Amino acid sequence: MAYMSEEGYKKLMAELKELETVERPKISAAIAEARDKGDLSENAEYDAAKEAQGMLEMRINKLKATIADAKIIDESKLKTDSVQILNKVELKNVKNGMKMTYTIVSESEANLKEGKISVNTPIAQGLLGKKVGDIAEITVPQGKIALEVVNISI
């Protein structure tokens, strides 16, 4: 089951619609055009178009599966007494005092540039259930880090 915000769900639905109504016909046209150029055994354009079609269909199927498993979280019922999905968490690295803020989201909504990390990441997993003032010892590729939960908001 994939928990996500309503905004994330709408983005996935829009992407699926775009792929099915715009991209799929484009690739079909590219395949037809390449096929018209003759011998398919030595036609690189045809091979590339077929490969692009396979990648597109794989993406469409993945999106459909994610949407089918989606559970939209009612944001009005979110609490900030402990860290949970869709919370914005302000953290402080205990070792160097550096502060950072992350919003914990579903895997399909994760975007590090926007400060959104997947609930499946080691940092998010280590923070889930923690309260303000708690220190989470989290194992990351560089070793262990200690992060103090400074604030939890929505």
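Buried means under 20% relative accessible area, exposed means over 50%, and partly exposed lies in between. The exercises below apply this scale and others to a predicted model.

**Exercise 1. Classify N120, Q125, A49 and L86 by relative accessible area, and place each in the chain.**

Solution.
- Step 1. N120 has a relative accessible area of 47%. The value lies between 20% and 50%, so N120 is partly exposed. N120 sits in the loop between β5 (116-118) and α3 (122-127).
- Step 2. Q125 belongs to helix α3. Its relative accessibility is 45%, and Q125 therefore counts as partly exposed.
- Step 3. A49 is part of helix α2. With a relative accessible area of 8%, A49 is buried, because the cut-off for that class is under 20%.
- Step 4. L86 occupies the loop between β2 (70-72) and β3 (88-93). Its relative accessibility is 9%, so L86 counts as buried.

**Exercise 2. State what is notable about the phi angle of L86.**

Solution.
- Step 1. Most residues other than glycine have a negative phi.
- Step 2. In L86, phi is near 75°, a positive value in a residue other than glycine.
- Step 3. The residue concerned is in the loop between β2 and β3, and L86 also appears in the lining of the second largest pocket.

**Exercise 3. Test whether the length of helix α1 (residues 6-35) agrees with its number of residues, then locate its bend and its buried residues.**

Solution.
- Step 1. Helix α1 holds 30 residues; at 1.5 Å a residue, the expected span is 44 Å. The calculation multiplies 1.5 Å by one less than the number of residues.
- Step 2. The end C-alpha atoms of α1 are 42 Å apart, which agrees with the expected span.
- Step 3. A bend of about 35° occurs in α1 at L19.
- Step 4. L19 is itself one of the buried residues of α1; the others are G8, L12, L16, I27, I31 and A34.

**Exercise 4. Describe the largest pocket by volume, lining and contributing elements.**

Solution.
- Step 1. The volume of the largest pocket is about 270 Å³.
- Step 2. Its lining comprises 14 residues, and A2, T66, S106, E107 and S108 lie nearest the centre.
- Step 3. Two elements, β1 (2-4) and α2 (44-69), each give two or more residues to this lining. The largest share, four residues, comes from α2.
- Step 4. By chemical class, the lining of the largest pocket has seven nonpolar, four polar and three charged residues.
- Step 5. Domain 1 (2-72) and domain 2 (75-153) each supply at least three residues to the lining of the largest pocket.

**Exercise 5. Describe the second largest pocket in the corresponding terms.**

Solution.
- Step 1. The second largest pocket contains about 160 Å³ of space.
- Step 2. S5, E7, E75, L86, T103, V105, E109, K116 and I154 line the second largest pocket.
- Step 3. This lining divides into three nonpolar, two polar and four charged residues.

**Exercise 6. Set sequence separation beside C-alpha distance for the pairs A49 and E7, Q125 and Q84, and N120 and I104.**

Solution.
- Step 1. A49 and E7 are 42 residues apart in sequence, and their C-alpha atoms are 33 Å apart.
- Step 2. Q125 and Q84 are 41 residues apart in sequence, with a C-alpha to C-alpha distance of 9.6 Å.
- Step 3. N120 and I104 are 16 residues apart along the chain, and 9.2 Å separates their C-alpha atoms.

Methods:
Residues are numbered from 1 along each chain as its sequence is written. This is a predicted model: local features need pLDDT of at least 70, side-chain atom pairs count only at pLDDT 80 or more; totals for chains, interfaces and linings use all residues. Side-chain values use heavy atoms; hydrogens and water are left out. On a 1 Å grid over the protein atoms alone, a cavity is a set of points where a 1.4 Å probe fits but cannot get out, and a pocket is an open set with protein on both sides within 12 Å along at least five of seven lines; lining residues have an atom within 4 Å of a point. Grid points are joined across faces, edges and corners, and a volume is the space filled by probe spheres set on the points. Ala, Val, Leu, Ile, Met, Phe, Trp, Tyr, Cys and Pro count as nonpolar, Asp, Glu, Lys and Arg as charged, and the others, Gly among them, as polar. Domain bounds come from an automatic or database domain assignment. The bend at a residue is the angle between axes fitted to the seven residues ending there and the seven starting there. Buried means under 20% relative accessible area, exposed over 50%, partly exposed in between (1.4 Å probe, protein chains only).
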